[in-house]
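Here are my notes on this one, in the order I'd go through them. Have a look at the ligand site before the packing.

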Amino acid sequence: MTILVTGGAGFIGANFLYWELREHPEDRLVCVDALTYAGNLRSLEKAMKAENFRFVKADICDRKAIFDLFEEEKPDIVVNFAAETHVDRSVENPGVFLQTNILGTQTLMDACRRYGTKRFHQVATDEVYGDLPLDRPDLFFTEETPIHASSPYSASKAGADLLVMAYARTFGLPVSITRCSNNYGPYQFPEKLIPLMISRAMSDQPLPVYGTGENVRDWLYVDDHCAAIDLVMRKGREGEVYNVGGHNERTNLEVVKTILRALDKPESLITFVKDRPGHDRRYAIDPEKIHRELGWLPQTAFDQGIQATIRWYLDNKGWWEEILAGDYQQYYQRMYGNR
Ligand code: NAD
Ligand code: TYD
């Protein structure tokens, strides 16, 4: 089988490619990535050595490039990771989020229709459900929870999900969607909470916690997400949405303190900064459907996954130091300078 993976030079896409190379060496993998600020070819260095792997630099919104690639490769499955993904950047500049996340998804699905792709799998997020109150720990997102996005990022991902379901109904496109909670693990760009805090704590820099740090996220180790996507794209029912999450809820402050403890750094590094506008309070997934239908369960407890992640950032300083040395400095100054 040929599997076309978009956004594979990003965090989850890269981990997914390694997962597939390991678990399904019989398949051919074609990675398409525009190499935006978030895409890093260094993350794919080991994959580049595999004979059944091909990298193509292209924008998923570039209809000609995408159709030409489909003509050449005739993929059996398309997995769409490519997206603008950082909520704070979507507050700064929403336009590119609508472009890539919605129109890019449309371009890929048009190509799937033309070339008879057997499955288009959309990698979606639990953020499309909006947020849950902090004082109702009994509430979880199910696949029936209404779409209710808060940020331009989540609205663009929700728009893409609606379009995917519309292509299924109108054109009979064989689709599936996974909506996952927050991921963490190797190769995550150090603008997101966990790698940002690890890299800053390692250099004894202040750790910017938004608001009071009481917001809750449901953390999933990236390999558990890869396993879920692999199962759904191969065995999940067509036209279905599957929530993916592992009941690993933590407040941001708990996460930051865990990182500080693991690195033996003082809590005095924590700095409370102005809250993110529209900041979602709590995300929490009910993964009952994917468990019941496909037997998926997360394999990595948070305490184990966070230690492995911290170890990876300690062992791969070159990977993230290179990022922090580039344009990222200007971004950090813009985002956090006046907070
Ligand atoms: P990321 O920002 O690390 O990587 C995104 C990748 O997409 C980058 O390699 C980038 O170069 C590429 N890209 C961006 N625009 C493109 C375009 N127009 N054409 C081609 N490539 C383009 O993102 P991530 O955290 O790995 O997330 C991957 C997917 O998973 C996204 O769709 C995201 O919404 C979803 N998701 C992420 C999380 C999370 O916690 N990170 C949770 C649930 C769902
Ligand atoms: P993030 O990693 O951006 O993921 P998302 O907003 O998509 O869930 O942020 C995770 C949580 O951490 C979120 O509640 C915002 C918070 N946060 C901070 O407190 N400080 C930071 O510098 C960042 C980037 C995030």
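1. Start with ligand 2: it is surrounded by 19 residues, and the closest of them are E127, R217, R276, H279 and Y336. Keep in mind as you look that this is a predicted model.

2. Two of those closest residues also turn up in the polar contacts. An N or O atom in the side chain of E127 sits 2.6 Å from an oxygen atom of ligand 2. For R217, a polar side-chain atom is 2.7 Å from a ligand 2 oxygen. The backbone joins in as well: a polar backbone atom of L193 is 2.9 Å from an oxygen atom of the ligand.

3. How much of ligand 2 does the protein cover? On its own the ligand has 510 Å² of accessible area, and the protein covers 97% of that.

4. As for the make-up of the shell around ligand 2, I'd note nine nonpolar residues, five polar and five charged. In terms of secondary structure, at least two shell residues come from α6 (193-202), and at least two from β8 (207-210).

5. Now the packing. There are 73 residues in the largest nonpolar core, where L44, V79, I194 and I259 have the most contacts inside it. Take L44: setting aside neighbours within four places in sequence, its contacts are G8, A9, A14, L17, Y18, C31, F53 and F55.

6. Don't miss the second core, which is separate and has 33 residues. I60, I66, Y129 and V164 are among them.

Technical notes. Residues are numbered from 1 along each chain as its sequence is written. Chains are lettered from A and ligands numbered from 1 in the order in which they are written. This is a predicted model: local features need pLDDT of at least 70, side-chain atom pairs count only at pLDDT 80 or more; totals for chains, interfaces and linings use all residues. Side-chain values use heavy atoms; hydrogens and water are left out. A nonpolar core is a set of buried Ala, Val, Leu, Ile, Met, Phe, Trp, Tyr and Cys residues joined through side-chain atoms within 4.5 Å. Buried means under 20% relative accessible area, exposed over 50%, partly exposed in between (1.4 Å probe, protein chains only). Contact means heavy atoms within 4.5 Å. A residue is near a molecule or strand if one of its heavy atoms lies within 4 Å of it. A polar contact is a pair of N or O atoms within 3.5 Å; within protein, one must be able to donate a hydrogen and the other to accept it, and residues adjacent in sequence count only if both atoms are side-chain atoms. Accessible areas come from the Shrake-Rupley method with a 1.4 Å probe; for residues, only the protein chains shown count as cover. Helices (H or I, at least four residues) and strands (E, at least two) are DSSP runs, numbered from the N terminus. Ala, Val, Leu, Ile, Met, Phe, Trp, Tyr, Cys and Pro count as nonpolar, Asp, Glu, Lys and Arg as charged, and the others, Gly among them, as polar.
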